[in-house]
Amino acid sequence: MTALGLPAPALESGRARVAPLAAAAAAAALGGVLALLHPRTETALIGAIAAVAVLPLLWRAAQRRLDPFEPLLIFSVAWLVLFVARPAAMLLTDAFRFQTYPIRDGFIPMLVMALLGGAGFLLGYALPWGGALGRRLPPLPSAWHADTAVAYALALVGLGTVLFTAFLLQAGGPDLSRSLLEGRGDAGPDYAASTGYLYLAIFLSIPAALLIIASGGMTGRLRRGLVALGIAVLCVSLVQAGPSGTRSWLLPIFGSVFIFWYVRHGRRPAARTLLLLLLMGFFLGINFAREARSPEVRREVGLWALLVRSVTRPDDAWDAFILGPDTEMASLLSLEATAVPSRIPFQHGLATGHVLVHPVPRTLWPGKPRPGDEILTEELFHRRRINFAPRQYTPLGNFYMDFGYAGALAGMAPLGVLARLHYAYFLRNAANPAVQALFAATLPFWVVLLRGSVSDTAARLFYVVPPLLLGLALARRAGGSAPPEAAP
């Protein structure tokens, strides 16, 4: 067991034993160089955050265990983009106005939040609790009746389609349907606020598709017919996520199939494949999708012209990304630090604790508490009629709103424990097709969580995890046992 409580490398060589020290020294050197180049408190904090984010990457690389499917590495990349690259760009361009607000006074508090939150996540990941529990949880059934599973999956996607259609009929009928098919447009961001159970039901196609695809691979070889059927079922969710360009759903839709293919074959994407995917994700999934989801932009510029501009002008694409809405979390947290607790009081647990009552429909409980990020957005943007778009603060937004800096540290630690549990459970049962499907369906949501909030991510997972587990339980074959444990 290594110093941070991570699984020991397969070969405990001298090089592997000194890896944590070497990684720590390299990360500290990076922070020192940044501080020397720009000797200000802000730069020193950015360097410290970079050290927190880079340390796991260097550590895993030194151990030759750099797994792109490990939640720890997803955290590292997210923190580097959101709280190193974005704040550095803000410093270099003096971008300290957000919407109509000056946010310079909240910049250092935001960096402190990010540093404490990152340290809290690593601490939680280092504790042995997540790994121990992940290795002790019972495995999912490794064998089930494929025909039962497929019938259940088709019924599930049918139910999702019926509920989504009911939402369209009761919320706006043909007019709303046209707005959804055109993109965000005049429908606005909150048109499904009171009917989320119907609106999000279309995403039941994600667990349905993975259950069908996994059923096709139980015999040791993927059956093409079931794979094709599963992909067709998955495309049902694009009716909503496609035109709106909702990348927090597009990533799980496409990412789940990509991840399942690799874990089903016991492989990981090569470095060149990852590089190609990163480039495609940046130019198409981020910049092109961000502009193309606006009906007005599509009409004025055209899809082809948008695509060409996204690919041929990488400098503009980078500027739009690093200082635009995709990475605005640092700016939002800076704004929050100027408003909490001076104008908006600490919530003492209610901002995050909303996740416990989130499943209760607001139509049954009109006075149900709202999560902290909604309170912030309503107070800072909607009520002042500055902007009506939804905002994502990262989980730090609610943690800070509850208990200040202590909340940032203590709130991120359980997420680190959960991430470790998630990965350890997968490694313990890596040859189990049911666990492969569950892991593939849930791993992309770490990206959604680290950019969003606990409540929002839990609400999305409600339409993925329980339906998948229910289908496996209903189709379970008597006497089915877990296959042998795969080597980490």
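**Exercise 1. Ala475: does this residue count as buried or exposed?** Work out the class of Ala475 in this predicted model, and then describe its surroundings.

*Solution.* The residue is first placed in the fold: Ala475 belongs to helix H25, which covers residues 465–475. The next step is to compare its accessibility with the cut-off, and because the relative accessibility of Ala475 is 1%, while buried means under 20%, Ala475 counts as buried. Turning to its partners, and not counting residues up to four places away in sequence, Ala475 touches Trp144, His145, Thr148 and Ala149. The last step concerns separation along the chain, where Ala475 and Tyr152 are 323 residues apart in sequence although their C-alpha atoms are 8.3 Å apart in space.

**Exercise 2. Place such pairs in the context of the whole chain, and then treat Val52 in the manner of Ala475.**

*Solution.* The protein chain has 488 residues, of which 49% count as buried, and its secondary structure comes to 25 helices and two strands. Among contacts between residues at least 6 apart in sequence, 78% join residues at least 24 apart. Val52 sits in helix H3, residues 41–62, and is buried, with a relative accessible area of 15%. Val52 and Leu116 are 64 residues apart along the chain, and their C-alpha atoms are separated by 9.7 Å. Beyond residues up to four places away in sequence, Val52 touches Leu115, Gly118, Ala119 and Leu122.

**Exercise 3. Describe the nonpolar cores, beginning with the largest, and follow the contacts of Phe121.**

*Solution.* The largest nonpolar core has 111 residues, and those with the most contacts inside it are Trp79, Phe83 and Phe121. The largest share of this core comes from helix H21 (residues 395–428), which supplies 12 residues. A second, separate core has six residues, among them Ala89, Phe282, Ala317 and Phe321. For Phe121, once its neighbours within four places in sequence are left aside, the contacts are Leu72, Phe75, Met412, Ala413, Leu415, Gly416, Ala419 and Trp446. As background, nonpolar side chains in soluble globular proteins tend to be buried together.

**Exercise 4. Which residues of helix H6 are buried, and how are they arranged around the helix axis?**

*Solution.* In helix H6, residues 128–136, the buried residues are Gly130, Gly131 and Gly134. Seen down the axis of H6, these buried residues fall within an arc of 95°, so they line one face of the helix. The general rule behind this reasoning is that an α-helix has 3.6 residues a turn, so residues three or four places apart point the same way. The face of H6 turned away from the buried side carries the exposed residues Trp129 and Arg136, whereas the buried residues of H6 pack against H21.

**Exercise 5. Characterise the second largest pocket by its volume, its lining and the chemical class of that lining.**

*Solution.* The second largest pocket holds about 580 Å³ of space. Of the 23 residues that line this pocket, the closest to its centre are Leu418, His422, Thr442, Trp446 and Leu461. The elements giving two or more residues to the lining are H21, helix H22 (433–442), helix H23 (445–451) and helix H24 (454–461), and H21 gives the most, with nine residues. Sorted by class, the lining of the second largest pocket has 19 nonpolar, four polar and no charged residues.

**Exercise 6. Explain why helix H18 is described as largely enclosed, and then examine the loop between H18 and H19.**

*Solution.* Helix H18 spans residues 329–339, and because 10 of its 11 residues are buried, the helix is largely enclosed by the rest of the structure. Those buried residues include Ser331, Ser334 and Glu336. The loop between H18 and helix H19 (350–353) contains Pro341, and the peptide bond from Val340 to Pro341 is cis, with omega near 5°. His348 is found in the loop between H18 and H19 as well; its phi is near 55°, a positive value in a residue other than glycine, and at 60% relative accessibility His348 counts as exposed.

**Exercise 7. Classify two further loop residues, Gln99 and Ser237, by their accessibility.**

*Solution.* Gln99 lies in the loop between strand S1 (97–98) and strand S2 (101–102), has a positive phi near 55°, and counts as partly exposed at 37% relative accessibility. Ser237 is found in the loop between helix H11 (224–234) and helix H12 (238–244), and at 0% relative accessibility Ser237 counts as buried. Leaving aside neighbours within four places in sequence, Ser237 is in contact with Ile202, Phe203, Ser205 and Ile253.

Notes. Residues numbered from 1 in each chain as written. Predicted model: local features only at pLDDT ≥ 70, side-chain atom pairs only at ≥ 80, totals over all residues. Heavy atoms only, no water. Core = buried A, V, L, I, M, F, W, Y, C linked by side-chain atoms within 4.5 Å. Buried < 20%, exposed > 50% of the residue type's maximum accessible area, 1.4 Å probe, protein only. Helix = DSSP H or I, 4+ residues; strand = E, 2+ residues; numbered from the N terminus. Contact = heavy atoms within 4.5 Å. 1 Å grid on protein atoms, 1.4 Å probe; cavity = no way out; pocket = protein on both sides within 12 Å on 5 of 7 lines; lining within 4 Å. Points joined across faces, edges and corners; volume = space filled by probe spheres on them. Nonpolar A, V, L, I, M, F, W, Y, C, P; charged D, E, K, R; others polar. Arc of directions from axis to C-beta.
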